[in-house]
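Here is a short tour for anyone who likes to look at bonds and empty space together. Have the viewer open and follow along.

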Amino acid sequence: MFHALLAVAAVMLASGMAQAEETKLDAAFVGDGTYSPTTGCKKLEDIQNGKDAPNIETYPLTLTREGTGSWEGGCNFAALREVKSNVFEGKMQCSEGAEEYAQTVTFTRLDADRIEVRSGTEALVYERCKGLKGKVER
């Protein structure tokens, strides 16, 4: 009887984990499109237009409503709260290669096309990539 209950609990747990993986948090404050720091938008356009192949040297950091990304991995929003007007704190679930970790990141909307992304003492300003036609895959 114990083994049967254990098996049912394992199936329920696996089912719940699968549902959690399918449900992604939407960070609506980011808005539509892709953001990237400094020259990142140009790099994404070059990849999209076939001028460059995506690789560790050409694929820049990105930010979308789903989370952040880079060639090596990225972070999805696990939880999100508005700290004050235009400032959001995101609990991120991240992966880089085989490593997985949680991280807290602060997002500050500077204007309609720029968001500051801060983790600890490091910060980057991401700009909306206006020339892209959809998402650029790694």
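Is C75 buried or exposed? C75 is buried: its relative accessible area is 8%, which falls under the 20% cut-off for that label. Please keep in mind that this is a predicted model.

**The disulfides**

C75 is a good place to begin, as a disulfide joins it to C94, with 2.1 Å from S to S. C75 belongs to strand β4 (residues 73-84) and C94 to strand β5 (residues 87-96), so this bond ties together parts that lie 19 residues apart in sequence. The partner C94 has 2% relative accessibility and therefore counts as buried too. For the handedness, look at the torsion about the S-S bond of C75 and C94: it is about 110°, so this disulfide is right-handed.

The structure holds 2 disulfides. The other pair is C41 and C129, whose sulfur atoms sit 2.0 Å apart. This pair links distant parts of the chain, 88 residues apart, with C41 in helix α2 (residues 40-48) and C129 in the segment after β8 (122-128). Both C41 and C129 are buried. Why is the disulfide of C41 and C129 called left-handed? The torsion about its S-S bond is about -80°, so the left-handed label applies.

How are the bonded cysteines of the chain paired when numbered in sequence order? The pairing is 1-4, 2-3. As a general reminder, a disulfide is a covalent bond between the sulfur atoms of two cysteines.

**A buried aspartate in helix α2**

Helix α2, where C41 is found, also contains D46. With a relative accessible area of 14%, D46 is buried, since the label applies under 20%. Which side chain makes a polar contact with that of D46? The side chain of K42 does, at 2.8 Å. Leaving aside residues up to four places away in sequence, D46 touches K51 and D52.

**Two pockets**

Now for the empty space. The two pockets are set side by side here:

| Pocket | Volume | Lining residues by class |
|---|---|---|
| Largest | about 470 Å³ | 10 nonpolar, 9 polar, 4 charged |
| Second largest | about 390 Å³ | 4 nonpolar, 12 polar, 5 charged |

The largest pocket, with its volume of about 470 Å³, is lined by 23 residues, and L61, T68, Q103, S119 and Y126 are the closest to its centre. Which strands each supply at least two residues of this lining? They are β3 (67-69), β4, β5, β6 (99-111), β7 (114-119) and β8.

The second largest pocket has 21 lining residues, and those nearest its centre are T68, G69, N76, K135 and R138. Here β2 (62-64), β3, β4 and β5 each contribute at least two residues to the lining. Which of the strands gives the largest share of this lining? Strand β4 does, with 4 residues.

If you want to trace how these themes meet, start from the strands of the C75 and C94 disulfide: C75 lies in β4 and C94 in β5. Strands β4 and β5 each supply at least two residues to the lining of the largest pocket, and each does so for the second largest pocket as well. T68 is another useful landmark: it is among the residues closest to the centre of the largest pocket, and T68 is also listed among those nearest the centre of the second largest pocket.

Definitions and conventions:
Residues are numbered from 1 along each chain as its sequence is written. This is a predicted model: local features need pLDDT of at least 70, side-chain atom pairs count only at pLDDT 80 or more; totals for chains, interfaces and linings use all residues. Side-chain values use heavy atoms; hydrogens and water are left out. A disulfide is a pair of cysteine sulfur atoms within 2.5 Å. Buried means under 20% relative accessible area, exposed over 50%, partly exposed in between (1.4 Å probe, protein chains only). A polar contact is a pair of N or O atoms within 3.5 Å; within protein, one must be able to donate a hydrogen and the other to accept it, and residues adjacent in sequence count only if both atoms are side-chain atoms. Contact means heavy atoms within 4.5 Å. On a 1 Å grid over the protein atoms alone, a cavity is a set of points where a 1.4 Å probe fits but cannot get out, and a pocket is an open set with protein on both sides within 12 Å along at least five of seven lines; lining residues have an atom within 4 Å of a point. Grid points are joined across faces, edges and corners, and a volume is the space filled by probe spheres set on the points. Ala, Val, Leu, Ile, Met, Phe, Trp, Tyr, Cys and Pro count as nonpolar, Asp, Glu, Lys and Arg as charged, and the others, Gly among them, as polar.
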